[in-house]
Amino acid sequence: MAESPPIPAPAAPPARTGAPTHAPHGRPLALQLLAAAEALGQVMAGRGLDRALDRVADAERPGVQALAYEALRRWGAARWMLGRLAERRPAPALGHLLTTALALSQPGSGAPLFAPHTVVDQAVEAARRLGGAAAARFANAVLRRAQREADHWAAELAADVTARTNLPPWWWSRLVADWGLPTAEAIAAAGRQRPPMVLRVNRRRSSVDAVIRQLAAEGVEAIALGAEAVHLPKPAPVQRLAGFAEGWWSVQDLAAQAAAPLLLDATGERPAVPAGARVLDACAAPGGKTAHLLERQDLTLTAIDRDPQRVTRIQDTLRRLGLTARVACADAGTPADWWDGQPFDAILLDAPCTASGVVRRHPDIPWLRREADVGALAREQDRLLAALWPLLAPGGRLLFVTCSVFRDEGSRRIDSFLQRCPDARPLPGAPPPGHRLPVRDNDPGAPPAGDGFFYALVEKN
Ligand SMILES: C[S@@+](CC[C@H](N)C(=O)[O-])C[C@H]1O[C@@H](n2cnc3c(N)ncnc32)[C@H](O)[C@@H]1O
């Protein structure tokens with residue numbers, strides 16, 4: 001996988017405060033567990049979770065998706081437990097079902113989606129449908145033993161890196177080498193949590209106060225986070241909320257919302273990027289940051305993405321929000337194919353990366369990535385930086401962004417870029433290049449932690 005996923009959250013799982021004992025959406029939970037386990041088996045074989053869920057009928061998808069996302073947040077521990085508790089190795093389909101059920105019936109970081117005993121009962125029923133009475137007996141033995149003996153295994157489980165962190169060993173070693181043990185533990189813990197739902201208000205069509213009032217009228221709690229962002233403590237399905245279709249707001253994490261002001265605003269002695277400026281968004285799909293740039297300023301903006309399907313999503317985003325840009329499907333690294341030769345005043349390069357900073361939103365990522373991906377993506381980031389730098393006018397600025405917490409996809413990229421390009425330097429007065437980690441401030445009143453990002457704002461002499 002050579003690209004990072006879109007930043008907006010996938011359809012939020014149904015918000016649940018208690019632990020219900022029956023499936024929503026009318027389908028027996030046993031069938032939803034089977035569908036989730038089937039999709040997770042595909043993830044373990046290398047397919048992205050959203051694609052794996054494509055086979056699930058639309059009406060069932062929200063429920064199955066919620067189970068699959070939640071199970072992945074405890075998959076490492078569940079897989080470890082299955083290895084310990086099963087007397088023999090089950091067939092793959094039954095193994096995925098049992099791992100799913102173990103993950104959903106053990107304590108996690110949020111309120112359980114279903115009561116543990118319900119998950120166990122329904123998983124036994126699902127095993128019966130899969131492999132008859134023998135499979136049901138096997139499932140019953142494993143799952144009930146896990147319920148009885150979880151405390152007994154806790155210390156041994158904690159000694160296994162993947163069971164404890166829910167990350168592959170190479171990923172964990174990289175976090176520890178980059179950040180030290182306590183911060184690495186905090187980053188890994190953040191990846192096991194459900195993500196906050198944050199909206200970005202389209203200042204051309206609405207305001208934070210108006211959006212909060214409108215949501216309150218529908219019984220949805222919303223809290224202002226500054227002048228443009230709103231936090232929904234209980235995530236809700238996007239399409240059903242007031243104002244989405246009208247383009248009043250978009251879903252965008254707080255850390256991702258930092259890009260547009262960083263690129264456009266006045267910094268130190270440098271004025272803001274003026275109206276009419278020529279701006280390039282080089283890796284733009286699905287258009288979250290493109291739209292934010294255009295919401296803040298009247299720009300002559302070119303949005304490029306290499307993926308044709310994702311390019312249509314940029315156009316959908318702009319249409320919904322009432323914004324315009326020149327949109328092209330192209331490799332940003334070969335400007336000869338798409339550049340008209342007129343220098344840009346500002347460039348946003350939101351580069352493809354491992355997406356190691358957004359694991360809580362895309363919990364399939366650690367199970368899909370390989371260590372070699374980090375080097376390959378770092379080389380692609382270097383290629384894009386080198387190809388786009390000549391397109392920037394003297395005095396112009398470039399914002400390099402990745403949603404990664406690996407230094408190889410952040411500080412090390414920009415350090416080597418600055419060494420290679422004597423006409424580049426960090427923009428004076430701007431926040432210095434740096435990683436933003438997905439770790440919450442200890443202050444209980446602090447806003448929810450943003451996703452993990454790297455930002456570097458450089459200017460051309
Ligand atoms: C992190 S996502 C961009 C998210 C987007 N900026 C937003 O805020 O909605 C990275 C994007 O880069 C695109 N991409 C990857 N390699 C590319 C290339 N060589 N040229 C143009 N786009 C590329 C991917 O298709 C993907 O859509």
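1. How far from an oxygen atom of the ligand does a polar side-chain atom of arginine 310 lie? In this predicted model, the separation between that polar side-chain atom of arginine 310 and the ligand oxygen is 2.8 Å. Two further polar contacts deserve a look alongside it: lysine 289 places a polar side-chain atom 3.0 Å from an oxygen atom of the ligand, while arginine 306 contributes a backbone N or O atom, which lies 3.1 Å from a nitrogen atom of the ligand. On its own the ligand has 600 Å² of accessible area, and the protein covers 99% of this.

2. The surroundings of the ligand can be described further by residue and by element. The ligand has 22 residues around it, and those that come nearest are Gly288, Asp305, Arg310, Ala332 and Asp350. Sorted by class, this shell consists of 10 charged, nine nonpolar and three polar residues. At least two shell residues come from each of helix 12 (288-296) and helix 15 (371-388), and it is helix 15 that gives the most, with three residues.

3. A separate matter is the packing of helix 3 against helix 5. Two packed helices are described by the angle between their axes and the distance between the axes. For helix 3 (residues 61-72) and helix 5 (residues 92-105), the axes come within 8 Å and cross at roughly 80 degrees; because angles of 65 to 115 degrees count as roughly perpendicular, the two helices are therefore described as roughly perpendicular to each other. On the side of helix 3 the contact involves Leu67, Glu70 and Ala71, which meet Thr100, Ala103 and Leu104 of helix 5. By class, this contact of helix 3 with helix 5 has four nonpolar residues, one polar and one charged.

4. Two points of backbone geometry should be checked against the model. Most residues other than glycine have a negative phi, and most peptide bonds are trans. Alanine 285 and proline 286, however, are joined by a cis peptide bond, with omega at about 5 degrees, and proline 286 sits in the loop between strand 5 (278-281) and helix 12. Asparagine 166, although not a glycine, has a positive phi of about 65 degrees; the loop in which asparagine 166 is found runs between helix 7 (161-165) and helix 8 (169-179).

Notes:
Residues are numbered from 1 along each chain as its sequence is written. This is a predicted model: local features need pLDDT of at least 70, side-chain atom pairs count only at pLDDT 80 or more; totals for chains, interfaces and linings use all residues. Side-chain values use heavy atoms; hydrogens and water are left out. A residue is near a molecule or strand if one of its heavy atoms lies within 4 Å of it. A polar contact is a pair of N or O atoms within 3.5 Å; within protein, one must be able to donate a hydrogen and the other to accept it, and residues adjacent in sequence count only if both atoms are side-chain atoms. Accessible areas come from the Shrake-Rupley method with a 1.4 Å probe; for residues, only the protein chains shown count as cover. Helices (H or I, at least four residues) and strands (E, at least two) are DSSP runs, numbered from the N terminus. Ala, Val, Leu, Ile, Met, Phe, Trp, Tyr, Cys and Pro count as nonpolar, Asp, Glu, Lys and Arg as charged, and the others, Gly among them, as polar. Axes are lines fitted to C-alpha atoms, for helices over the stretch in contact, and angles run from 0 to 180 degrees between N-to-C directions. Angles under 35 degrees count as roughly parallel, over 145 as roughly antiparallel, 65 to 115 as roughly perpendicular and the rest as oblique. Contact means heavy atoms within 4.5 Å.
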